[in-house]
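User: I would like a close look at a single part of this protein, followed by how that part sits within the rest of the chain. Please keep the account plain.

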Amino acid sequence: MKFLYVTDTHIRGTTPKNRLDVYVDTLKAKLEEVVELANREQVDVLLHGGDVFDRPDLAPNVVGQFAKIFMKAAMPTYVVAGNHDTFGHNPETISRTMLGLMDSFGVMKIIHPGQPVLVEKNGVKVQISGQPYHYDLDQRDPKLDYYPVNETEADVLVHIVHSMLVEKALPEGIPHTLIDHIWGTTADIILTGHFHSGFGIKERNGKYMCNPGALSRVNNHWTEISRMPKVVLGTISSQGISLEEREVTVAQKGEEVLDRSFLEKAVHQEERLHSFVQQVKETSQFQTLNMSAIIQDIASLKNVEENVKQEALRRMTKVEEGWKDGEYG
């Protein structure tokens, strides 16, 4: 059984301020190459690690343009929902999003928790399961998100998680899970996204962790200047598992599409913003001014009744759904 894995396409209709090209045209070219590669390699499934879209309520005309590209794939496309694909980072809102619409029309199929897909070829059964981004991801027991159950009596378990799985610890306050802490997973292959820089392919005792990095470079971090977008081709057979990264050849070098002058200006603005936020914190009860961070703070509260917490999150989700031009973190 062969598969192609891509993640974090962040489809949007506008060009980020830090880019020098026309973002839509560049992303279309990259996705065209990805689909052509999948068809040429005759993979059985195309897998997507989430954040298909950059916001859940993207304009239908933009969605339609990219849906036509995905529909060129000769194989089914399976995806898990990322934090940008839903309102308020809440997977329960998926039916009201553009990713939910893609699922309804069969352009791609969403893999929900507890509803794995079974692919059987040449006598080998492969279970593909998924865990979408949610409030408590990388904060609760990792076994709940990274240890799939073999519900189909499969020979090999592939598990897709839109999570902050990383090699090294991140600064305090950023939820994450270390690769070295989950090598005991029941999965044979864990495919992740969300962490745009990626970490490539890691293997230990026949198990694999993989994040090729985001297909799109939408932020102005220094690491994006040197990084080239990649996908992963995988082969699963009775002889074992083989994974390899493939660079997207139409992607231009970071310095050709990312504006360094804007990057330097952004660093200065970030410093000024940090100073301003610190002043606000010192004179008020606010711990954060960021919507996504507020949601994370509420979700992590342990001394609040669950029904109260869920109601607070539900109301904030409804507020975010009402925003027409808001930014999603």
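Which residue in E12 is the bridge partner of Arg-204?

Analyst: The bridge partner of Arg-204 in E12 is Lys-207. The model is a predicted one, and what follows is computed from its atoms.

Arg-204 belongs to strand E11, which spans residues 200-204. Strand E12 covers residues 207-211. E11 and E12 run antiparallel and are joined by five bridges. Together the two strands make a hairpin that has two residues between them. One residue of the turn, Asn-205, has a positive phi of about 50°.

E12 has a further neighbour. Strand E10, residues 189-192, is joined to E12 by three bridges, and here the strands run parallel. In that pairing Leu-191 stands opposite Cys-210 of E12. E12 thus pairs with E11 in the antiparallel sense and with E10 in the parallel sense. As for cover, four of the five residues of E12 are buried, and the strand is mostly covered.

In a regular strand, side chains alternate between the two faces of the sheet.

The wider setting comes next. The protein chain contains nine helices and 14 strands. Of its 329 residues, 52% count as buried. Among contacts with a separation of 6 or more, 69% are between residues 24 or more positions apart. The accessible surface of the chain is about 16000 Å², and carbon and sulfur atoms account for 50% of that area.

Elsewhere in the chain, six strands form an open sheet with mixed pairing, in the order E4-E3-E2-E1-E13-E14. Its edge strands are E4 (109-110) and E14 (240-247), each of which pairs on one side only. E14 pairs with E13, residues 230-237, in the antiparallel sense over eight bridges. Within this pair, Gly-234 stands opposite Leu-243 of E14.

Helix H1, residues 23-40, lies across four strands: E1 (2-6), E2 (45-48), E13 and E14. The helix runs at about 170° to E1. Thr-26 has its place in H1. With a relative accessibility of 18%, Thr-26 counts as buried. Leaving aside residues up to four places away in sequence, Thr-26 touches Arg-19 and Asp-21.

H1 also matters for the count of core residues. The largest nonpolar core has 40 residues, and those with the most contacts inside it are Leu-4, Ile-11, Leu-31, Phe-53, Phe-66, Leu-99 and Met-102. At least two residues of this core come from each of E1, H1, helix H2 (60-70), helix H3 (98-104) and E13. H1 gives the largest share, eight residues. Phe-66 touches Ile-11, Val-24, Leu-27, Lys-28 and Leu-31, again not counting residues up to four places away in sequence. A second core, separate from this one, has 24 residues, among them Val-45, Tyr-78, Val-126 and Leu-243. Leu-243 is thus the residue of E14 opposite Gly-234 and a member of the second core.

Charged pairs come last. A search of the whole structure finds 14 salt bridges. One of them joins Asp-44 to Lys-121, with the closest N and O atoms 3.0 Å apart. Asp-44 lies in the loop between H1 and E2, while Lys-121 is in strand E5 (residues 117-121), so this pair ties together parts that are 77 residues apart in sequence. Lys-121 has a relative accessibility of 34% and counts as partly exposed.

The side chains of Arg-55 and Asp-57 meet in another salt bridge, at 2.8 Å from N to O. Arg-55 counts as buried because its relative accessibility is 17%, and buried means under 20%. Asp-57, at 25%, counts as partly exposed. A third pair is Lys-109 with Asp-103, whose closest N and O atoms are 3.7 Å apart. Here Lys-109 is the partly exposed partner at 37% relative accessibility, whereas Asp-103 is buried at 18%. Beyond such pairs, salt bridges that share partners join Lys-2, Glu-41, Glu-244 and Arg-246 into one network.

To return to the part asked about: Arg-204 is paired with Lys-207 of E12, in a hairpin with two residues between its strands.

Note on methods: Residues numbered from 1 in each chain as written. Predicted model: local features only at pLDDT ≥ 70, side-chain atom pairs only at ≥ 80, totals over all residues. Heavy atoms only, no water. Pairing = 2+ DSSP bridges. Contact = heavy atoms within 4.5 Å. Axes fitted to C-alpha atoms, helices over the stretch in contact; angles between N-to-C directions. Salt bridge = Lys/Arg side-chain N within 4 Å of Asp/Glu carboxyl O. Buried < 20%, exposed > 50% of the residue type's maximum accessible area, 1.4 Å probe, protein only. Areas by Shrake-Rupley, 256 points an atom, 1.4 Å probe, with all protein chains shown as cover. Core = buried A, V, L, I, M, F, W, Y, C linked by side-chain atoms within 4.5 Å.
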